[in-house]
Amino acid sequence: MPTVVVDDVHIVYRVHGAKSGRGGATAALSRMLRRGAGDPERGVRTVHAVRGVSFTAHRGEAIGLIGSNGSGKSTLLRAIAGLLPPERGRVYTDGQPSLLGVNAALMGDLTGERNVVLGGLAMGMSREQIKERYQEIVDFSGINDKGDFISLPMRTYSSGMQARLRFSIAAAKDHDVLMIDEALATGDARFRARSEARVRELREHAGTVFLVSHSNQSIRDTCNRVLWLERGELRLDGPTEEVLRAYEKFSGK
Ligand SMILES: Nc1ncnc2c1ncn2[C@@H]1O[C@H](COP(=O)(O)OP(=O)(O)OP(=O)(O)O)[C@@H](O)[C@H]1O
């Protein structure tokens with residue numbers, strides 16, 4: 001059963017005002033003034049971040065996305081989630097894909113507790129379901145292991161704690177398509193092991209999991225298939241070990 005079909009997708013970012021991007025404060029000010037007047041010369045630069053990528057994902061697959069910095073991994077995930085319109089090509093998905101990014105939109109000024117509810121509602125859970133899973137989510141995150149932190153605003157958490165809570169909220173639900181962008185990298189070793197186990201579980205519940213990671217070990221431990229992107233192009237798509245070996249050779253590891 002296919003869950004995601006990506007057909008010759010191209011993603012192009014447009015960066016406005018980038019052509020006149022040099023100079024100090026005075027130049028910036030004059031640019032602003034010109035912009036106000038509707039300057040026709042204002043430049044738009046384009047970044048062709050994903051170039052003609054095609055693949056089909058199935059139920060029960062955990063697919064790792066690898067590639068060097070800026071190779072288009074996060075962009076591709078955002079396109080699958082429907083957050084970026086393709087310039088060319090199509091993305092077909094079965095159900096609503098959930099993107100769990102390091103920057104997932106929880107609210108820093110709200111307590112961890114409120115964010116669990118907010119995140120649950122955002123994922124389409126009912127209040128009852130959230131209430132039922134609440135303790136499980138908090139326990140999984142380990143936020144309260146060292147004291148009552150869940151009742152403090154989320155902005156007071158360390159980046160690792162924030163990432164853990166985000167992952168725990170997202171993982172509380174079985175997703176058709178769950179996309180995880182580097183979230184595993186921020187937790188400590190124990191949390192990483194726990195979340196990797198949860199990714200395997202989600203996958204067994206017949207969903208499809210995408211995982212962007214720079215940790216080849218995380219990819220090895222969780223994924224059965226790997227897509228390797230380089231400069232926006234799909235270089236290799238295949239079984240984890242095969243693709244990782246080629247990638248490690250390429251990156252000199
Ligand atoms: N909002 C944006 N506006 C313009 N260009 C962008 C934007 N976001 C990303 N890019 C460009 O798109 C390309 C791909 O970026 P992307 O973040 O998808 O790479 P990545 O493989 O996830 O990188 P990393 O491993 O460093 O997280 C890069 O060249 C980047 O500069």
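Hi everyone. Before I show the binding site, one working definition: a residue counts as near the ligand if its C-beta atom, placed from the backbone, lies within 6 Å of it. Please also keep in mind that this is a predicted model.

With that cut-off, which residues are around the ligand? Going along the chain, we have Tyr13 and Val15, then Val47 and Ala49, then Gly67, and finally the run Asn69, Gly70, Ser71, Gly72, Lys73, Ser74 and Thr75. Three elements give two or more residues to this shell: strand E1 (2-16), strand E2 (44-58) and helix H2 (73-80). The top contributor is H2, with three residues. If you sort the shell by class, you get seven polar residues, four nonpolar ones and one charged one.

Now to the strands. E1 and E2 belong to an open sheet of three strands, ordered E2-E1-E4 and paired antiparallel. E2 and strand E4 (88-93) are the edge strands, each pairing on one side only. On average, and ignoring direction, neighbouring strands in this sheet are turned by 25° against each other.

How many bridges join E1 to E2? There are 11, and the two strands run antiparallel. If you'd like a spot to look at on screen, find Ile11, which stands opposite Val50 in E2.

Let me finish by zooming out to the whole chain. The protein chain has nine helices and nine strands. Of its 253 residues, 36% count as buried. And among contacts with a separation of 6 or more, 74% are between residues 24 or more positions apart.

That's my tour, thanks for listening!

Conventions:
Residues are numbered from 1 along each chain as its sequence is written. This is a predicted model: local features need pLDDT of at least 70, side-chain atom pairs count only at pLDDT 80 or more; totals for chains, interfaces and linings use all residues. Helices (H or I, at least four residues) and strands (E, at least two) are DSSP runs, numbered from the N terminus. Ala, Val, Leu, Ile, Met, Phe, Trp, Tyr, Cys and Pro count as nonpolar, Asp, Glu, Lys and Arg as charged, and the others, Gly among them, as polar. Two strands pair if DSSP finds at least two bridges between them. Axes are lines fitted to C-alpha atoms, for helices over the stretch in contact, and angles run from 0 to 180 degrees between N-to-C directions. A residue is buried if 20 or more other C-beta atoms lie within 10 Å of its own, exposed if 12 or fewer, and partly exposed in between; C-beta atoms are placed from the backbone. Two residues are in contact if their C-beta atoms, placed from the backbone, lie within 7 Å.
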